[in-house]
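Please look over the structure shown here. A short tour of its helices, loops and charged pairs comes after it.

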Amino acid sequence: MLTVDFSRFPLAPGDRVLDMGCGGGRHAFEAYRRGADVVALDRNAKDIAEVDAMFASMRAAGEVPAGARAEAMVGDALALPFPDASFDRVIISEVLEHIPDDKGVLGELFRVLKPGGLAAMTVPRYGPEKICWALSDAYHEVEGGHIRIYKGDEFAARIRESGLRPYGTHHTHALHSPYWWIKCAVGVDNDKALPVRAWHKLLVWDIMKRPLATRLAEKALDPLIGKSLVVYATKPRPTGETDAGAGAAGTARAAGPDGTLDGAGA
């Protein structure tokens, strides 16, 4: 299940891609399938071992283009072990809401991204997340849990403060919002509750089968209750050069004249 829309975040074979806080590696795997040279980085050594094993399985199964490379490594998003301007693309998905120094993380992202490169950043959306917090303290008051809820405009402003230039935004995973509301209502650890099991079965079916009915329903509901907010941005080139984000902006909602992003406010 991808949160980043790769039609809004184009990458080409050979592009060097960093997945910061990769977790289970879903975006790193997709970038690898598209022929990118991928680095998947996370603080969790167990996750990294599993991502590395999946990279090996993908290579063995012939799922990636010849010449594509992938590496999984343990690392700290606040102190990335890479030189300046090392990556053409950077993804950071559902990570920033966990880290006290989110400005520091965005600063590191900006540092390692090449001028003209693109970044895709995702966080839980304000409205659905606020409901989860209201229903359950246990949802967020855990070690390593969510420490903040971003409003869309505030998140876009923080991205601009880092030096990045947002060029588009959208919401996604609407069908996941009710699932988490149900879990928060009955107990986030109560996976045996009938409503939780029923909705989870629906989500698995949707992910595996991708039926037209749920695709259309989610597309209609994403602007209203999409669980995640996704913002795309580019690192400006020196004056006179063209940004990589200029072409991508045609397929994404562009920044408005006041610097705000269409659709980012909720």
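The report below covers helix packing, two loop residues, salt bridges and a surface patch.

This is a predicted model, in which local features need pLDDT of at least 70, side-chain atom pairs count only at pLDDT 80 or more, and totals for chains, interfaces and linings use all residues. Residues are numbered from 1 along each chain as its sequence is written, and side-chain values use heavy atoms, with hydrogens and water left out.

## Helices 1 and 2

Helices (H or I, at least four residues) and strands (E, at least two) are DSSP runs, numbered from the N terminus. Two packed helices are described by the angle between their axes and the distance between the axes. The axes here are lines fitted to C-alpha atoms, for helices over the stretch in contact, and the angles run from 0 to 180 degrees between N-to-C directions.

Helix 1 and helix 2 have axes 11 Å apart and pack at about 25 degrees. Helix 1 is therefore roughly parallel to helix 2. The cut-offs are these: angles under 35 degrees count as roughly parallel, over 145 as roughly antiparallel, 65 to 115 as roughly perpendicular, and the rest as oblique. The crossing of helix 1 and helix 2 is right-handed. That word applies if the near helix is turned clockwise from the far one by less than a right angle; an anticlockwise turn is left-handed.

Arginine 59 belongs to helix 2, which covers residues 45–60. Its relative accessible area is 39%, so arginine 59 is partly exposed. Three classes are used: buried (under 20% relative accessible area), exposed (over 50%) and partly exposed (in between), with a 1.4 Å probe and protein chains only. Arginine 59 and tyrosine 32 lie 27 residues apart along the chain, and their C-alpha atoms are separated by 9.7 Å.

Glycine 67 sits in the loop between helix 2 and strand 3 (70–74). Glycine 67 is exposed, because its relative accessible area is 63%. From glycine 67 to aspartate 37 the sequence separation is 30 residues, while the C-alpha atoms are 8.5 Å apart.

## Salt bridges

Side chains of opposite charge can pair when their charged atoms come close. A salt bridge is counted when a side-chain nitrogen of Lys or Arg is within 4 Å of a carboxyl oxygen of Asp or Glu. How many salt bridges does the structure hold? There are 15 salt bridges. Three of these pairs are listed here.

| Acidic residue | Basic residue | N to O distance |
|---|---|---|
| Aspartate 5 | Arginine 8 | 3.2 Å |
| Glutamate 30 | Arginine 33 | 3.8 Å |
| Aspartate 206 | Arginine 215 | 2.4 Å |

Start with the pair of aspartate 5 and arginine 8. Arginine 8 is buried at 17% relative accessibility, whereas aspartate 5 is partly exposed at 24%.

Next come glutamate 30 and arginine 33. They are three residues apart in helix 1 (residues 26–33), so about one helical turn separates them. Glutamate 30 is buried at 16% relative accessible area. Arginine 33 is partly exposed at 37%.

In the pair of aspartate 206 and arginine 215, aspartate 206 is buried at 4% relative accessibility. Arginine 215 is partly exposed at 21%. Salt bridges that share partners also join Glu30, Arg33, Arg34 and Glu63 into one network.

## Helices 6 and 7

The axes of helix 6 (residues 176–186) and helix 7 come within 9 Å and cross at roughly 160 degrees. Helix 6 is therefore roughly antiparallel to helix 7. Their crossing is left-handed.

Helix 7 spans residues 194–209 and includes methionine 208. Why does methionine 208 count as exposed? Its relative accessibility is 63%. Met208 also joins Met1, Val204 and Ile207 in a nonpolar surface patch of about 380 Å². Patches are made of residues with over 30% relative accessible area and no salt bridge; like charges are joined within 9 Å, and nonpolar side chains (Val, Leu, Ile, Met, Phe, Trp, Tyr) within 5 Å. Areas come from the Shrake-Rupley method with a 1.4 Å probe; for residues, only the protein chains shown count as cover.

## Two residues with positive phi

Glutamate 94 is not a glycine, yet its phi is positive, about 55 degrees. Glutamate 94 lies in the loop between strand 4 (87–93) and helix 3 (102–112). It is partly exposed, at 21% relative accessible area.

Arginine 210 also has a positive phi, near 50 degrees, in a residue other than glycine. Its loop runs between helix 7 and helix 8 (212–225). Arginine 210 is exposed, with 52% relative accessibility.
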